[in-house]
Amino acid sequence: MTDMLLRFWGTRGSIPTPGREMEKYGGNTTCLEIRYGETIIVFDAGSGIRGLGQSWLAEFGEAAIDAHVLFTHLHWDHIQGFPFFGPAYFSRNSLAVYGEQRTAGGMKEQLGGQMQGAYFPVPIDAMQSKLRFEVTEPEFDIGPVKVRTFQLPHPGGCLGYRLEVSGGAFVLMTDCELDQVCVNREEIESNFSVRRQFPQDLLDAVSGAHVVVIDCQYTDDQYHRCKGWGHNSLTTVVDFCTQAKPHALALSHHDPQSTDERVTGMVNQAMERLEERGVNNTLIFGAREGLTMKVAVPLKPQQVV
Ligand SMILES: [Zn+2]
Ligand SMILES: [Zn+2]
């Protein structure tokens, strides 16, 4: 049976963060790769997509690459790597680029805006690959992969994605502040210790997922200072996991201030709190650059250490 494989190329939120204290989880902004047989899907073009491009050029050599790049939204940390995506400059390659229609201009104008002369020396038209721009539909297929999208609460909006193949379901929920859409949001506003109740359609979107990658940018302390900025607190993620119970949950979109030590501390805290609640069957880990894993059961913990 073909396995769906996930690889993280960038797991940092907001801005790239090089440095020794960020080595374990990595400093590149959001970029993930999914492989399912011949089907190649990329999520977002944060700075992590530069390394992905280099790795493809080494892997494919002179052979043509046919891939799909799906955007969750166009905040800078999710598009800033696009001008540095090597395979886009070779005419033999075909890239289908998907995103929401957010402004009057299409995806090409939106991605190309950051490549205009005042910002970047090379215009988007220098990309010689066959670039096809598509508006993301709520549901569509990429070869054998079924794609479903859903809206996430984030300033300016953000798309959640669910990919489904036989034997594997993957969900990406980057850039979201789920407290904003909780059923009991007034109650949790005044009392942080009350458990969040999430809307059913959101829980349905992750139901039975093998791997869920979720925005867990803030510690609870940070969240109090950054409410409304569009990202989750650790408590929100723990509450969400308690209700959604995916097979594996990757905490991602690490805050630029979060050293390896802090991220590991957040992962450990999430594990402890879920264990206290009797949620023992979810594998919790911090998304880190370079990590590759199978999106299917059985998930092997050693694959993510
Ligand atoms: Zn972001
Ligand atoms: Zn964002």
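## Strand E4 and its partners

Phe-43 has Leu-70 of E4 as its bridge partner. That link belongs to the pairing of E3 (residues 39-43) with E4, where the two strands run parallel and are joined by three bridges. Bear in mind that this is a predicted model.

E4 also pairs with E5 (residues 94-99), again in parallel, through five bridges. One to look up in the viewer is Ala-67, whose bridge partner in E5 is Leu-95. As for burial, E4 (residues 66-70) is mostly covered, with four of its five residues buried.

## The E3-H1-E4 crossover

Between E3 and E4 the chain goes by way of helix H1 (residues 48-60), and the three elements make a β-α-β unit that is right-handed.

## Helix H6, an enclosed helix

Further along the chain, H6 covers residues 234-244, and nine of its eleven residues are buried, so the rest of the structure largely encloses this helix. The buried set starts with a run from Leu-234 through Thr-235, Thr-236, Val-237, Val-238, Asp-239 and Phe-240 to Cys-241, and Ala-244 completes the list. In an α-helix there are 3.6 residues a turn, so positions three or four places apart point the same way.

What do the buried residues of H6 pack against? Three helices are involved, H4 (200-206), H5 (220-226) and H7 (260-276), along with two strands, E11 (211-215) and E12 (248-252).

## Just past H6

Right after H6 comes a backbone detail to check in your torsion plot: Lys-245 has a positive phi of about 45°.

Technical notes. Residues are numbered from 1 along each chain as its sequence is written. Chains are lettered from A and ligands numbered from 1 in the order in which they are written. This is a predicted model: local features need pLDDT of at least 70, side-chain atom pairs count only at pLDDT 80 or more; totals for chains, interfaces and linings use all residues. A residue is buried if 20 or more other C-beta atoms lie within 10 Å of its own, exposed if 12 or fewer, and partly exposed in between; C-beta atoms are placed from the backbone. Two residues are in contact if their C-beta atoms, placed from the backbone, lie within 7 Å. Two strands pair if DSSP finds at least two bridges between them. A crossover is right-handed if, with the strands pointing away from the viewer, the path from the first strand over the helix to the second runs clockwise.
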